[in-house]
Amino acid sequence: MRRLALILLLAACSGTPEQATAPDLDRIAHQYVRLVLGMGHHDPDYVDAYYGPDSLKAAADRDSLDLSAIRSAADSLIAELGDAMPTDADSMLVMRHRYLRTQLGALITRTRMVGGEQLTFDQEARGLYGTDVPAYDPAQFDEQLARLDSLLPGPGPLAERYQQFRERVMIPPERLDTVFKVAIAACRARSGVHIALPPAERFDLEYVKGTSWNAYNWYKGDSHSLIQVNTDFPTPVDRAVDLACHEGYPGHHVYNASLEQALVRERGWVEMSVYPLFSPQSLIAEGSANYGIDMAFPGEQRTAFERDTLFPLAGLDPSFAERNASVRLVMERLNHARNEVARQYLDGVVDADSAKTLMTRWWLQTPEGAAKTLRFIDTYRSYVINYNLGRDMVAAYVERNAGGDPARRWAVFGELLSSPRLPADLVAGP
């Protein structure tokens, strides 16, 4: 049965010479969705969201393709797509063609990994997320730690001083829901001024425990998200804005709703109704969600909102807001240390204990926090690059194409959220 399904799928992927110059993107997109859903049978984390036709899900379940069959079918689709669209093709179709080809390539990489092939951190990041990850000199982290040391003077190791300071800005558990909902409302209001949100967009909010992530957006389709926040992680007051923007507005919720509206509903591009987590799309998703924080709260506006609204709601001393913002900026730069630790750990340069030690040294995590970070890396591996490197790439793209014009920045950002752009597009230009 599996062999027959593969023969039928490969036959559907083959085409005439005329099709080779102008491939049938709709048909290829349907086959792509079936392959992604089929990969979900082998990798439970692979399909992050699907809200497309039930018939494609039923077909993927019926096909029951093994990893080699998925890889062969993906190779055949890439060959049918060819290297480029005709020179007179519409720019959106060119992006669609490149998106399908690139996502299929990442699918092949994932089949290799799930099948047991060992890739280096850099090979994995390039194959899954379509980008090269810069190496960081530890001296860069030490420079940031020196800056933090000047912000948090006093006796004792810097890590202890940092943790003591952060304890003073933690949201009490009984106030978390109120603070988080106010932060979400502010992010939504600010984003809605610049991005047209679908009329029926909505989200549900849940608090959970026992996961390796801080928060997650599960997109359900019809402009509806489920946002879960893990209360195992203590929540400092500045994380309320981080998570509200990242998971909600103008982050994952707006990104998914924008893609659904612009590409699935208006253009009928079925491939955008499925989101394979380990793919170049994730660099855009995570990078835009993190840069979206700066879009919604540029410059001192975030510090003022936290000082005047969130600190009082959390029952915290607002006089800490300015210094907390300065500390946060340094820690954001130190976030790249997670990439370097992941690289060394996944490449076997350091073991688990050494990796946790590096996280306590470079990212000032507690031993418990470092263990949770390592748990995330064990599960998601090189995915960590999408948060910081992705954010840097999205920021550079928006700022290069918009300059200092705030309205233009939102326009460029909104176009990114509603298009099939990929990491290579961020580097190459608009």
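A polar contact is a pair of N or O atoms within 3.5 Å, in which, within protein, one must be able to donate a hydrogen and the other to accept it. One such contact stands at the start of α6 in this predicted model. There, a side-chain oxygen of Asp90 reaches to within 2.9 Å of the backbone nitrogen of Met92.

Helix α6 covers residues 91-114. Its length was checked against its residue count. At 1.5 Å a residue, the 24 residues should span 34 Å. The end C-alpha atoms of α6 are 34 Å apart, so the expected span and the model agree. Just after α6, the backbone takes a positive phi of about 110 degrees at Gly116.

Strands of a sheet pair through backbone hydrogen bonds, either parallel or antiparallel. An open sheet of three strands was found here, with mixed pairing. Its order is β2-β4-β3. The edge strands are β2 (202-208) and β3 (215-221), and each pairs on one side only. From one strand to the next, the twist averages 20 degrees. Strand β4 comprises residues 224-230 and runs parallel to β2. Seven bridges join β2 and β4. One partnership involves Leu205, whose bridge partner in β4 is Ile227.

Empty space in the interior was examined next. Rolling a probe the size of a water molecule over the atoms shows where empty space is left. Across the whole structure, the search returned two cavities of 30 Å³ or more.

The largest cavity has a volume of about 50 Å³. Its lining includes Ala49, Tyr51 and Tyr219. Asn256, Leu259, Met272 and Ser273 also line the largest cavity, as do Val274, Tyr275 and Gln281. Two elements, α12 (252-265) and β5 (274-276), each supply at least two residues of this lining. By class, seven lining residues of the largest cavity are nonpolar and three are polar. No charged residues occur in that lining.

The second largest cavity has a volume of about 40 Å³. Arg34, Leu35, Gly38, Ala60, Asp63, Ser64 and Leu65 form its lining. Two or more of these residues come from each of α3 (25-39) and α4 (54-63). Helix α3 gives the most, with three residues. The lining of the second largest cavity divides into three nonpolar, two polar and two charged residues. Charged residues are thus present in the lining of the second largest cavity, whereas the lining of the largest cavity has none.

Methods: Residues are numbered from 1 along each chain as its sequence is written. This is a predicted model: local features need pLDDT of at least 70, side-chain atom pairs count only at pLDDT 80 or more; totals for chains, interfaces and linings use all residues. Side-chain values use heavy atoms; hydrogens and water are left out. On a 1 Å grid over the protein atoms alone, a cavity is a set of points where a 1.4 Å probe fits but cannot get out, and a pocket is an open set with protein on both sides within 12 Å along at least five of seven lines; lining residues have an atom within 4 Å of a point. Grid points are joined across faces, edges and corners, and a volume is the space filled by probe spheres set on the points. Helices (H or I, at least four residues) and strands (E, at least two) are DSSP runs, numbered from the N terminus. Ala, Val, Leu, Ile, Met, Phe, Trp, Tyr, Cys and Pro count as nonpolar, Asp, Glu, Lys and Arg as charged, and the others, Gly among them, as polar. The expected span of a helix is 1.5 Å times one less than its number of residues. Two strands pair if DSSP finds at least two bridges between them. Axes are lines fitted to C-alpha atoms, for helices over the stretch in contact, and angles run from 0 to 180 degrees between N-to-C directions.
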